Amino acid sequence: MDSSAKIRIEDILNRVELYRPELDEDLIRHAYVFAANRHQGQVRRSGEAYFTHPLTVAWMLAEMELDEVAITAGLLHDILEDTETTAAELDLEFGPDVTRLVVALTKLSDFENSFTSREATEAENFRRLLLASMDDVRVILVKLADRLHNMRTLSFLRRDRQVAIAQETLDIYAPIANRLGIGSIKMEMEDLCFRYLHPREWERLEHEIKDRADAAERWFAEIRGIIEGLLLANGLSGTVQGRVKHMYSVYQKLRRQDVDVANVFDFLAFRVIVGSVADCYAVLGLIHQQWPPVPGRMKDHIAIPKPNAYQSLHTTVLGPEAHPFEIQIRTWDMHKIAEFGIAAHWSYKEQGKGAGSEDSRISWLRGLLDNSEGASPREFLDSIKVDLYPDDVYCFTPRGDVFSFPRGATILDFAYRIHSEVGHTCVGGSINSRWVPLRTELKNGDIVEISTSPQQRPHHDWLNLVVTNRARSKIRSWLKREEKKRSVEVGRKLIEREFRRAGVSWRKASGSDELKSLLASHGLAKEEDLLAAVGFGRLAAPAIIAQLLPGRDGAAEGEAPAADAAREASGAGNQALEVTGDADFLVYVAKCCKPLPGERIVGFVTRGKGVAVHSRSCPNVRNLLYHPEREIEVRWATNAASSGASPNQVELDMVFDDRSGMLASISQVISAEGSDILSCQLRTEHNDRGFGAMTIMVRDAAQLDRILSHLENLNGMRRVERRGQAKTRA
Ligand code: MN
């Protein structure tokens, strides 16, 4: 039933009575009268009475066969937000269950409306949605129905609002519906989003499909007739449905150029619904005898259900005139799950009361939430987008257990799926009995065996190797623990040294009342936290001594050790660097890019080692920017670029035509700029291409720039690069 305007409360009650004969009709009727009264006079953008909206939402919930509490909440879902009604009043009128749902829904939409940073809000919003649904999955189901009806009536909003709402729906709500297995809502949402996000493509496609409607009708009739004949001749009863695939999936296939819109088969699909699993396989056999199957396109989602519990047999066959088309075969139960997913499951369970174990989709939601602790909104959003995606890859353990992964998952994801300890110590493994490294991507049907080593431990790079939420959060929490441990060690060393310099014993100070009040003044709970804060670079050891022993050391004495500490901890050359604003940080040049004086730089507060200074063009900076809170402004001290600074080693890679005198020209250019060659390796290949790797000494970025541009201008030089940086000159 599409036309929302026509829905009457009697339709809803009749629908509910079909699946809930013991229905408490009064509750729904009361909500209907109550809500119609309160929303009286309110009008939607469409010009319809506002109340058509909650009424349609309630109808959708009845279609999902939910109980009267959910349907009542659907009727009342906007009442706290849009009318003077209070929660206390609802509680009195409808009881605590309904009130709890409506309050949760109101909180969600309050949150949606208070946008600040768009991306952060979306993720946070989603998280709240999940949190709320943990208590009661009905909240999320009402929310999905609410959003679907808003999508249906989107045409009445301004264009920019249409785009924003459609994008949010496509990013967040359609994936949730999919993950909860509610295919009917997911597909309609996607089609509506497609229509508003790509109106021109949508129109064209609709046109194409309409143009071929006659041809489609003929094919539907012919093929349905053949399949029905097959069923009849073999004593099977079932329903054959022919349908146009949902537009968004046709559009995606068109973009991947998997289909040709001129070929009517590419957007038609058939579905056969039968009484039992055995019949499903029987029908599959009959169809494969009638039309040859396309190899590799048969999928048995009955034996291996999708993670959202979807089950069906899928096959593609070469139909009349050798046109391939798709057929899905399923039972009625599977059909219901495919359309309504968790809602179908939820209502079964409700009827069977206390049917034991938790729904696997609820535990999936819970897992998603647990694993998102401590992640930034961006990380959280990225990870759920991956986890929500339906393109799953199925892999097996040698014992035959099957696990599903999002596409792009690696053997390391597999290891973390088995156990976090297996993940932490994974060194690789074998796929189909062949040894493969950690980064190897999993493919459908792989049999995976993990190898571990007690010496192995997680690395930062591993975060780039995994795609599952679970693996990423396990790695992240391991690294965090490790960083904390390291920073406590570093902090202890720094503090002990400062205390020694000041002629005080840290051991005596440790545990004293003075130290306790110092901890309190910094909001720290234990000494270990103080050590960690010093190690992280958040607190400076000299400042602590000054606070602990006021008046003991003069200003001069207090400064000197700090400068010393900085120099010692950060190695040579750092005195040329300054951290803007706060001089208490230890500063050192990052090993990966070794920026030169004068180069554009950026600082990051590392865990435990002070401030690492990277070149702006360093590839690692991109990853570090995911933690903007750790970025800190640094600059070269004014004298750093002068000739007084100590020279730096820079590695250059070159490709050139192998002509005589090339090496002489190269070294001449370098020495003409006042630089020395520290080492040099050359080799040539048969095609007269020469490769050079050189280490030279330079003072600053400007000098390096001059050398690079002279080298590039040499006759026969093809490419010069500073190693580790794609663009040498930013
Ligand atoms: Mn609403």
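**Exercise 1. Place Ile-185 in the structure, and decide whether Ile-185 is buried or exposed.**

Step 1. Ile-185 sits in helix H10, residues 183-197. Helices (H or I, at least four residues) and strands (E, at least two) are DSSP runs, numbered from the N terminus. This is a predicted model: local features need pLDDT of at least 70, side-chain atom pairs count only at pLDDT 80 or more, and totals for chains, interfaces and linings use all residues. Residues are numbered from 1 along each chain as its sequence is written, and side-chain values use heavy atoms, with hydrogens and water left out.

Step 2. Apply the burial cut-offs. Buried means under 20% relative accessible area, exposed over 50%, partly exposed in between (1.4 Å probe, protein chains only). Ile-185 has 5% relative accessibility, so Ile-185 counts as buried.

Step 3. List the neighbours. Contact means heavy atoms within 4.5 Å. Not counting residues up to four places away in sequence, Ile-185 touches Met-64, Leu-144, Leu-148 and Ala-177.

Step 4. Look further along the chain. Gly-341 is 156 residues from Ile-185, and their C-alpha atoms are separated by 9.9 Å.

**Exercise 2. Find the protein donors of the manganese ion.**

Step 1. Set the rule. Donors are N, O and S atoms within 2.8 Å of the metal (3.2 Å for Na, K and Ca); water is not among the atoms, so sites may look incomplete.

Step 2. Read off the donors. They are His-53 (NE2), His-77 (NE2), Asp-78 (OD) and Asp-146 (OD). These lie 2.2 to 2.4 Å from the manganese ion.

Step 3. Write the spacing. In sequence, the donor residues follow H-x23-H-D-x67-D.

Step 4. Locate two of the donors. His-77 lies in the loop between helix H4 (68-76) and helix H5 (79-82), and Asp-146 lies in helix H8 (residues 137-152), so the pair ties together parts that are 69 residues apart in sequence. Both His-77 and Asp-146 are buried.

**Exercise 3. Test the length of helices H3 and H8, and work out how enclosed they are.**

Step 1. Get the expected span. It is 1.5 Å times one less than the number of residues in the helix.

Step 2. Check H3. Helix H3 (residues 52-63) has twelve residues and reaches 16 Å from its first C-alpha to its last, close to the 16 Å expected.

Step 3. Check H8. Its 16 residues should span 22 Å, and the end C-alpha atoms are 23 Å apart, which agrees.

Step 4. Count burial. Eleven of the twelve residues of H3 are buried, so H3 is largely enclosed by the rest of the structure. Among them are His-53, Trp-59 and Met-60. In H8, 14 of the 16 residues are buried, so H8 is also largely enclosed.

Step 5. Find what H3 packs against. Its buried residues meet helix H1 (9-19), helix H2 (25-38), H4 and H8.

**Exercise 4. Trace the surroundings of Tyr-50.**

Step 1. Tyr-50 lies in the loop between H2 and H3. Its relative accessible area is 13%, so Tyr-50 is buried.

Step 2. Leave aside neighbours within four places in sequence. Tyr-50 is then in contact with His-39, Gln-42, Val-43, Arg-44, Asp-78 and Asp-82. One of these, Asp-78, is also a donor of the manganese ion.

Step 3. Take His-39. Tyr-50 and His-39 are eleven residues apart in sequence and 6.6 Å apart in space, C-alpha to C-alpha.

Step 4. Look for a polar contact. That is a pair of N or O atoms within 3.5 Å; within protein, one must be able to donate a hydrogen and the other to accept it, and residues adjacent in sequence count only if both atoms are side-chain atoms. The side chains of Tyr-50 and Asp-82 make one of 3.1 Å.

**Exercise 5. State where Glu-65 and Ser-433 lie, and whether each is buried or exposed.**

Step 1. Glu-65 is in the loop between H3 and H4. Its phi is positive, near 60°, in a residue other than glycine. At 15% relative accessibility, Glu-65 counts as buried.

Step 2. Ser-433 is in the loop between strand E8 (426-431) and strand E9 (434-436). Its phi is near 70°, again a positive value in a residue other than glycine. At 71% relative accessibility, Ser-433 counts as exposed.
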